[in-house]
Amino acid sequence: TSYSGYGGNVNTPYANNTAVHMTNGSLGCTAELHGDIVVGVLPQMGMTNHLFTTADSYKDVWTKWKTNNSTTNTSPPSKKGNTWDAGVSGSVMIEAGSSVTLTFIRCGSFPNRMQYWGLFGVPKAQQDPERSRLWCGNNYNNFWKDATAVYEYVAANLPTLTQQTNTWHKIFFD
């Protein structure tokens with residue numbers, strides 16, 4: 001996938017190859033876009049997982065899924081202007097009339113969230129975004145250092161988090 005702001009993206013197999021950790025070492029830790037993402041499937045008995053780290057187009061993603069072209073290799077940094085697509089899947093054989101739930105987790109950590117406040121009364125084209133730029137951050141960074149820490153927390157606490165989410169939903173929507 002191409003975009004002028006891309007480059008330096010690295011995808012690393014994680015959690016015994018059931019997840020992918022996506023990072024960009026070319027961005028400093030104070031860069032506005034600094035952060036990381038983890039996408040994974042929680043393992044379960046009888047599950048086969050598939051992981052890839054270096055797809056460079058949607059067609060390549062589909063080819064890797066179709067051919068079960070799995071890897072345990074970390075991708076090299078993507079070239080300037082490009083990024084890598086990565087993915088993970090899980091499959092299980094089930095008997096007729098049975099059901100199985102596969103749990104996927106996607107979490108990100110982007111500590112340098114910025115807010116750009118508009119300057120009231122000044123046409124947008126004449127505004128200087130640097131004058132209205134404010135670092136806000138994200139509160140979750142007080143609890144977890146990066147997306148891997150979030151992933152580990154969610155995986156370890158999924159039953160409790162599911163129950164709390166269902167309770168919240170019931171309070172607001174029933």
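**Figure 1. Buried residues in the predicted chain.** In this predicted model, 29% of the 174 residues in the chain are buried. The accessible surface of the chain amounts to about 11,700 Å², and carbon and sulfur atoms contribute 57% of that surface.

**Figure 2. Overall dimensions of the chain.** The radius of gyration of the chain is 20 Å, whereas a compact globule of 174 residues would have a value near 16 Å. Taken along the principal axes, a box of roughly 65 × 45 × 25 Å holds the C-alpha atoms.

**Figure 3. Order of helices and strands.** The chain contains 2 helices and 8 strands. Along the sequence, these elements follow the pattern β-β-β-β-α-β-β-β-β-α. Among contacts in the chain with a separation of 6 or more, 63% join residues that are 24 or more positions apart.

**Figure 4. The kink in helix α2.** Helix α2 comprises 27 residues, namely residues 147–173. A straight helix at 1.5 Å a residue would reach 39 Å, but the end C-alpha atoms of α2 are only 30 Å apart. Within α2, a kink of about 80 degrees is found at asparagine 157, and proline 159 follows shortly after this kink.

**Figure 5. The buried residues of α2 and their partners.** Which residues are buried in α2? They are Ala147, Thr148, Val150, Tyr151 and Val154. An α-helix has 3.6 residues a turn, so residues three or four places apart point the same way. The buried residues of α2 pack against four strands: β1 (9–14), β2 (19–24), β3 (36–41) and β6 (104–109).

Technical notes
Residues numbered from 1 in each chain as written. Predicted model: local features only at pLDDT ≥ 70, side-chain atom pairs only at ≥ 80, totals over all residues. Heavy atoms only, no water. Expected span 1.5 Å × (residues − 1). Bend = angle between axes of the 7 residues up to and from the residue. Buried < 20%, exposed > 50% of the residue type's maximum accessible area, 1.4 Å probe, protein only. Contact = heavy atoms within 4.5 Å. Rg over C-alpha atoms; globule rule 2.2 N^0.38 Å. Areas by Shrake-Rupley, 256 points an atom, 1.4 Å probe, with all protein chains shown as cover.
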